[in-house]
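Open the model in your viewer and keep the selection tool at hand. We will go stop by stop.

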Amino acid sequence: GVRKAVVSTQSTGTELRQIAQAIVENGKGILAADESTGTIGKRLAGISVENTEDNRRDYRELLFTLSKDSEIGNSLGGCILFEETLFQNASDGTPMVKLLQDQGIIPGIKVDKGLAPLYGTDDETVTQGLDGLADRCKKYKEAGAQFAKWRAVLKIGENRPSELAIQENAVTLARYASICQSQGLVPIVEPEILCDGTHTLIQCKKVTERVLSATYKACVDHNVYLEGSLLKPNMVTPGMQCTERATPEEIGAATVIALQRSVPPAVVGVTFLSGGQSEEDATRNLNAINQYQDPGRKPWKLSFSYGRALQASVLKAWQGKKENVPAAQVELKKRAFANHQAALGQYAGDVTGASGSDSLFVPNHQY
């Protein structure tokens, strides 16, 4: 009946479900390589590399061309691209999308147009990009993308997040998701609660439950086919400036409980964002989430969709030099494999990268 308005045919529904499942099966996760031109510029500036199209291409090509025996496709099920990369060719003329497909990694695309002020609130935001989204999704699907990402941002602080910001972002995420599904793309729903602030673990947990509950209420209202979608939430952690730190076990328990209270079992997978955690913390916390024991009450795959936490060591090793490409690729393989183990709850904490426990926190992160 009504469902058909969104997922036009039974076969589209089946296809969406299969794509979503393939991305997170067997402990696989996602490499987020969809930094906007400005953001990748900041990453490159960190290693004194100029932000040119060639340098951006060379860096992403490095990420996508690990040798066959690296088996990177066993650790990564998907990779999110920025629009430039989706339509780009590697230095030898091979489409970037084909490089990923050859590794067995499903290409995805960031479709939002960034944050805009939500006027009448205390510096809260809403995400733009719904205008013309269906046409863009059609074009992205033709180019080989199979899933999409849209990032909403919420803040914890004095009277934040406001009910207005929660509702506005929930509805926008739901509209984005239904539009993507109409064009055969699996939507990753990303309501990120920023880790900036002095809030405690318990405060973050309460806000996470509120935000995710509102988000899924909106998705149900908009007839989103949950079985053909993924969630990309923050982990439940204390604020970066909170003096009461939490162990991975405490973060694991608080995170799973928040999800149990607000995410329908129909959602195929949860691919956490790293949100400025160090590479090592992001892996340890994901491992603790998967080790948290509550049989029968963790119905979703609990995996990763990491940007900085998969790339910090890679950038450090590369330094923009051709001769360092193999060493940089080893770093990506190590981090991806560590997170693959964590997604299975089997990480032993023995993988140290060039960036390791360096803080990757960026205040008020723009992406």
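Two strands pair if DSSP finds at least two bridges between them. Helices (H or I, at least four residues) and strands (E, at least two) are DSSP runs, numbered from the N terminus. This is a predicted model, in which local features need pLDDT of at least 70, side-chain atom pairs count only at pLDDT 80 or more, and totals for chains, interfaces and linings use all residues. Residues are numbered from 1 along each chain as its sequence is written, and side-chain values use heavy atoms, with hydrogens and water left out.

**Stop 1: the barrel**

Show the strands. Eight of them form a closed barrel, in the order β1-β2-β3-β6-β7-β8-β9-β10, with parallel pairing. Now add helix α3, residues 53-64. Helix α3 packs on the sheet and touches β1 and β2. Contact here means heavy atoms within 4.5 Å. The direction of α3 makes about 170 degrees with that of β1. For such angles, axes are lines fitted to C-alpha atoms, for helices over the stretch in contact, and the angles run from 0 to 180 degrees between N-to-C directions. Next, select helix α10, residues 279-291. It packs on the sheet too, touching β9 (269-272) and β10 (301-306). Its direction makes about 165 degrees with that of β10.

**Stop 2: strand β2**

Select residues 76-81, which are strand β2. Is β2 enclosed by the rest of the structure, or open? Six of its six residues are buried, so β2 is largely enclosed by the rest of the structure. Buried means under 20% relative accessible area, exposed over 50%, and partly exposed in between (1.4 Å probe, protein chains only).

Look to both neighbours. Strand β1 (residues 29-33) runs parallel to β2, joined by five bridges. Pick Ala32: its bridge partner in β2 is Ile80. Strand β3 (residues 106-110) also runs parallel to β2, with four bridges between them. Leu81 has Ile109 in β3 as its bridge partner. Gly78 stands opposite Ile106 in β3.

**Stop 3: strand β7**

Select residues 186-193 for strand β7. Eight of its eight residues are buried. Val186, Ile188, Glu190 and Glu192 point one way; Pro187, Val189, Pro191 and Ile193 point the other way.

Add strand β6, residues 147-154. Eight bridges join β6 to β7, and the two run parallel. Find Arg151, which stands opposite Glu190 in β7. Helix α7 (residues 163-182) completes a right-handed β-α-β unit with β6 and β7. A crossover is right-handed if, with the strands pointing away from the viewer, the path from the first strand over the helix to the second runs clockwise.

Now add strand β8, residues 230-231. β7 and β8 pair in the parallel sense over two bridges. Val189 stands opposite Leu231 in β8. β7, α8 and β8 make another unit to trace, a right-handed β-α-β one.

**Stop 4: Thr208**

Stay with helix α8, residues 201-221, and click Thr208. Thr208 is buried, with a relative accessible area of 3%. What is Thr208 in contact with, leaving aside its neighbours within four places in sequence? Its contacts are Ile193, Asn234, Val236 and Ala258.

**Stop 5: the nonpolar core**

In soluble globular proteins, nonpolar side chains tend to be buried together. A nonpolar core is a set of buried Ala, Val, Leu, Ile, Met, Phe, Trp, Tyr and Cys residues joined through side-chain atoms within 4.5 Å. The largest one here has 106 residues. Select Leu63, Phe64, Tyr176, Leu230, Leu231 and Leu259, which have the most contacts inside it. Zoom in on Leu259. Not counting residues up to four places away in sequence, Leu259 touches Leu212, Leu231, Pro233, Val270, Phe272, Trp300 and Leu302.

**Stop 6: helices α11 and α12**

Select residues 308-318 for helix α11, where ten of the eleven residues are buried. Among them are Arg308, Gln311 and Trp318. Gln319 follows α11, and its phi is positive, near 55 degrees. Then jump to Glu331 in helix α12, residues 325-343. Glu331 is buried, with a relative accessible area of 11%. Draw a distance from its C-alpha atom to that of Ala312: the separation is 9.1 Å, for residues 19 apart along the chain.
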